[in-house]
Amino acid sequence: MTVTSGSGSIHSVRRGAGEPLVLIHGIGHHWRAWEPVIDLLAEHHDVIAIDLPGFGRSPARAGDLGMPSAVEALAGWFAETGLDRPHVAGNSLGGAIALELAAAGHASSVTALSPAGFCTPAQVRRALSILRGHRIGAFTPTPVLKAFYRTGFGKAFSFGWLVRNPGVLTAERALADTLALRGGKGFAAVARHGRAYTYTGRPDGVPVTIAWGSRDRIFLPVQAGVARERLPWAQHVALDGCGHVPMSDDPAGVAAVILRTTAAARAHDGEPAQS
């Protein structure tokens, strides 16, 4: 069963039962970034995939859309919807938000997939330049995009920077992701704040896993080494053969990494880990 909610200022899609697990997408994306893994995770958790403020069907908040604003918005939404320190998983920008939520005491565990915040200034500029190029392309007329995405070349041309195997995307999913990028009213503001963002928090007392696609072309795998240096006590995992959005490249592998992290949180709290 799927429950779609527009409660408060955050749009979400909810499936499954068990301990809550919130999924947070990256800049310019929407909740469907997690679609390949939701059913796998929903076998074990109450899974809540959200649209960040300014993206998907969530309106932008008044004021800036920097990291403190995003953390404040999600922490407030957690309280509003009765989510008491849920497990959190995030990709790219969403991975950084997940880590910040944990550092602020709002998460029981964190799985961060190629998170922002571990780049040099030059690497940030490069990544944002690529993503801005994708957004410009997203304003191609919709009928042209529909025809383009019915071809393997079209999906490879548009999504080869984001996923290792663009052929796994259906034409419908490719179009939906592109329209979400086109309609992401928060993109410019989030990108502007992201230029100066570096993760410096310490999410003490909760299990943290940082997983990086070995073929990530947006946040290069060398940044995984920086994350390891800054968070040496966290679990660090290489996602072999995966790109920047690994949920599409290896749904089973990504789901397994997230579930190991949530199980570690239960063990940390003295509860038996579920199989």
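By class, how many nonpolar, polar and charged residues does the lining of the second largest pocket have? The tally is 21 nonpolar, 6 polar and no charged residues, and View 1 starts there. A quick note before the close-ups: this is a predicted model, in which local features need pLDDT of at least 70 and side-chain atom pairs count only at pLDDT 80 or more, while totals for chains, interfaces and linings use all residues. Residues are numbered from 1 along each chain as its sequence is written, and side-chain values use heavy atoms, with hydrogens and water left out.

**View 1. The second largest pocket has no charged residue in its lining.** This pocket (an open set of points on a 1 Å grid over the protein atoms alone, with protein on both sides within 12 Å along at least five of seven lines; lining residues have an atom within 4 Å of a point) is lined by 27 residues. Look for M67, L93, A116, V190 and G194, which lie nearest the centre of the second largest pocket. Helix 2 (67-80), helix 3 (93-103), helix 4 and helix 8 (187-194) each give two or more residues to this lining. Helices (H or I, at least four residues) and strands (E, at least two) are DSSP runs, numbered from the N terminus. The volume of the second largest pocket comes to about 420 Å³, counted as the space filled by probe spheres set on grid points joined across faces, edges and corners.

**View 2. Helix 4 gives the most to the lining of the largest pocket.** At about 480 Å³, the largest pocket has 25 lining residues. H134, S158, F159, L162 and L181 sit nearest its centre. Helix 4 supplies 4 residues, and helix 5 (142-148), helix 6 (152-159) and helix 7 (171-183) each bring at least two. The lining splits into 12 nonpolar, 12 polar and 1 charged residues; here Ala, Val, Leu, Ile, Met, Phe, Trp, Tyr, Cys and Pro count as nonpolar, Asp, Glu, Lys and Arg as charged, and the others, Gly among them, as polar.

**View 3. R135 is buried without a salt bridge.** Find R135 in helix 4 (residues 121-137). Buried means under 20% relative accessible area, exposed over 50%, and partly exposed in between (1.4 Å probe, protein chains only). The nearest side chain of opposite charge to R135 is D177, 14 Å away. Its contacts (heavy atoms within 4.5 Å) are with L181, R182, G184 and F187, leaving aside residues up to four places away in sequence.

**View 4. T142 sits in helix 5.** T142 counts as partly exposed because its relative accessibility is 22%. Leaving out residues up to four places away in sequence, T142 touches L175, L179 and R182. H45 is 97 residues from T142 in sequence, and the two lie 36 Å apart, C-alpha to C-alpha.

**View 5. D46 and R14 pair up in a salt bridge.** The structure holds 6 salt bridges, each a side-chain nitrogen of Lys or Arg within 4 Å of a carboxyl oxygen of Asp or Glu. For D46 and R14 the N to O distance is 2.7 Å. D46 lies in strand 4 (residues 46-51) and R14 in strand 2 (residues 11-16), so this pair ties together parts that are 32 residues apart in sequence. D46 is buried at 11% relative accessible area, whereas R14 is partly exposed at 30%.

**View 6. D39 and R15 make another salt bridge, at 3.3 Å from N to O.** D39 belongs to helix 1 (residues 35-42) and R15 to strand 2, so to speak linking distant parts of the chain that are 24 residues apart. D39 is exposed at 51%, while R15 counts as buried at 15%.

**View 7. R173 and D177 form a salt bridge within helix 7.** Their closest N and O atoms are 3.0 Å apart, and the two residues are 4 apart in sequence, about one turn of the helix. Both R173 and D177 are buried. Elsewhere, R32, E35 and E172 are joined into one network by salt bridges that share partners.

**View 8. The largest cavity has R173 and D177 in its lining.** A cavity is a set of grid points where a 1.4 Å probe fits but cannot get out. The count is 1 cavity of 30 Å³ or more, and the largest has a volume of about 50 Å³. Along with R173 and D177, the lining includes H29, F159, L162, V163, L169, V245 and S248. By class, that makes 5 nonpolar, 2 polar and 2 charged residues.

Notes: Lys, Arg positive; Asp, Glu negative; His and termini not counted.
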